Structure formats: C-alpha cells, structure tokens
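Subject: Structure handover

Dear colleague,

Here is the structure I said I would pass on. My notes on it follow below.

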Amino acid sequence: MLFLLTCTFCAANQSPQHVRVSFQYIEVDHPFLTEMLAARGKGGAAMHTMTLAQVKDGKAKILETCMVVSRSGQKATVESIRELLYPTEYEPTCQGLFGPVPEIQPPPTLRPNEFTAFETRNTGVTFEVEPTIGENGHFIDLRFAPEIISLLRFDTWMEHKDRWGEDSYRMPVFETWRVNTSVTLLDGQFEMVSVITPQPNKPAPAAPRKILVFVRADVIPLPR
C-alpha cells in the first residue's frame, strides 16, 4: 500500500504544469531611470510599482503588453506582425544599341525600372519563451527573446527622373528593439530585465526617453 501511494504522489508531481509569461514595455524619462537605478534595495517588483506610478501621473507610457502560456520546459512563440516586401536589386531602364529605346508608353502598372530581387521583413511584435519550473515550484527559469520591429520611413537612395516622371529609388529604414537572455524569476513577481534606447530622429548628446522591459512568470494551477 505504501508503494502504491508513493507512486501516485510521484505521478502527480510529474504532471505537466503551465506557466503564464507576460512582458511590458514602458517608456520613461531618462532622468527617472537614472534615479531609480541609483536607489539601493530596489527589486524588480518595486521598480515596476514605481514605473506604474509614473504612468498614472502621465509621466510614462505603456507601449506594449505581450502574454503567452506554455507548458513547463516547452517553447512558445507569439507573432503579431505585418510582412513588408521591398526590392533590393533592380535593372535600370533599357537602352537601345544606338541610343534610347523609342518612346513607348508602358502600361500604368509597370515602372521603367525592373526589380530583380526582393526581401521580406516582418514588422510588429515577435517573442519566444521557454519557461521551466524549479523543483520547489516557486522559481521559474526563463529563456526568452522578444523583438519589436517598426518601419520608420523610406530614405531616398538615389534620385532619378525619366520620361515617365519621378522614379527615385527608396529603401525602408527599420528600428529594432531586441532582448535575448535568461533569468530566474520568483513566481508572480515582475522583474526589470532590460532597458532599450530608442534612436532619436536627430543627433543628440543623449536619448531623452528610455524603454523599460519588465517580465513576469506565473505558475498556473491545473484544473482538477
């Protein structure tokens, strides 16, 4: 009887457990971040509380919140993206052997330059997590790689006009916020895991705003 009870107990402990992982991206003033990091004894939970207070006062802004549930020891990926297809190689306007090609109006859907190669870039939010619950059930080892990519603008690579009008070559400019690390978290408590510096539109001695990345992992009880 003791043997059967022990086996039943072990089987219950080895049953799959779920972990809810959430990320928050919060934009704050650079001086606030500096003062908060200078204060000793401030854990991730306290930093998160201080940052939310800034949000309520209108001095900080929540930019993104992500969440996914995974089994302990298994990977999970979430994508909220938009595919952007843009040309990377092209052939210039055709020229005849003895000069320009005679004036022939192309169809409205065609451009004088023929693009020969393209590339696809995913813009939006992508994050991958792999949580593993510790033996005592109170700590979670978490590997994660969140990434946010945004299209900033199109820069003119070369100005060009032909007999059909404006035909300059423009290339997209992207901004990427990426974190790739591993941490050990206490069940149910936030931790600040990274600080991202968004690039200002104009050169400046220091970026006026910073983006704090908070993560939290919660062990979810399985239904009985």
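In which strand does T123 lie? T123 belongs to strand β6. Please keep in mind throughout that this is a predicted model.

With a relative accessibility of 13%, T123 falls under the 20% limit and therefore counts as buried. Apart from neighbours within four places in sequence, T123 is in contact with S80, I81, R82, I149, L151 and F174.

L84 gives a second view of this part of the chain. This residue is found in strand β3, which covers residues 76–91. Leaving out residues up to four places away in sequence, L84 touches E119, T120, R121, L151, P172 and F174. L84 and T120 are 36 residues apart in sequence, while their C-alpha atoms are 5.5 Å apart in space. L151 and F174 appear among the contacts of T123 and also among those of L84.

Overall figures

The chain contains three helices and 13 strands. Of its 224 residues, 29% are buried. Among contacts with a separation of 6 or more, 73% are between residues 24 or more positions apart.

The four-stranded sheet

An open sheet of four strands runs in the order β2-β1-β13-β12, and its pairing is antiparallel. The edges are taken by β2 and β12, each of which has a single partner strand, so one side of each is left without a neighbour in the sheet. From one strand to the next, the twist averages 20°.

Within this sheet, β1 and β13 are joined in the antiparallel sense by twelve bridges. Q24 has F214 in β13 as its bridge partner, and V28 is partnered by K210 of the same strand, β13. On the other side, β12 and β13 run antiparallel and are joined by five bridges. There, V195 has L212 in β13 as its bridge partner.

How many of the twelve residues of β13 are buried? Nine are, so β13 is largely enclosed by the rest of the structure.

Pairing around β7

β7 pairs with β10 and with β11. Ten bridges join β7 to β10 (residues 169–178), and these two strands run antiparallel. The bridge partner of F154 in β10 is P172; P172 is also one of the residues that L84 touches. With β11 (residues 181–186), β7 shares six bridges, again in the antiparallel sense. In β11, L186 is the bridge partner of F139.

Nonpolar cores

The largest nonpolar core has 25 residues, and F23 and V129 touch the most other members. At least two residues of this core come from each of β1 (18–29), β2 (61–71), β6 (114–133), β7 (139–158), β12 (191–196) and β13 (209–220). The most comes from β13, which gives five residues.

What does V129 touch, not counting residues up to four places away in sequence? The list is V21, F23, V68, Q74, K75, A76, L142, R143 and F144. Thus V129 and F23, the two residues named above for this core, touch each other.

Another core, of eleven residues, lies apart from the largest one and includes I26, V28, M192 and F214. Two of these have already come up in the sheet: V28 as the partner of K210, and F214 as the partner of Q24.

Helices

Helix α2 (residues 30–38) lies across β1, β12 and β13, and runs at about 120° to β1. How do α2 and α3 (residues 44–56) sit relative to each other? Their axes come within 11 Å and cross at roughly 155°. That angle is over 145 degrees, which means that α2 is roughly antiparallel to α3. The crossing of the two helices, α2 and α3, is right-handed. On the α2 side the residues involved are F32, M36 and L37, and they meet M47, M50, T51 and Q54 in α3.

If you look at one strand to begin with, I suggest β13. This strand pairs with β1 over twelve bridges and with β12 over five, gives the most residues to the largest core, and is one of the strands that α2 lies across.

Regards

Note on methods. Residues numbered from 1 in each chain as written. Predicted model: local features only at pLDDT ≥ 70, side-chain atom pairs only at ≥ 80, totals over all residues. Heavy atoms only, no water. Core = buried A, V, L, I, M, F, W, Y, C linked by side-chain atoms within 4.5 Å. Buried < 20%, exposed > 50% of the residue type's maximum accessible area, 1.4 Å probe, protein only. Contact = heavy atoms within 4.5 Å. Pairing = 2+ DSSP bridges. Axes fitted to C-alpha atoms, helices over the stretch in contact; angles between N-to-C directions. Parallel < 35°, antiparallel > 145°, perpendicular 65-115°, else oblique. Left-handed = near helix turned anticlockwise from the far one by under 90°.
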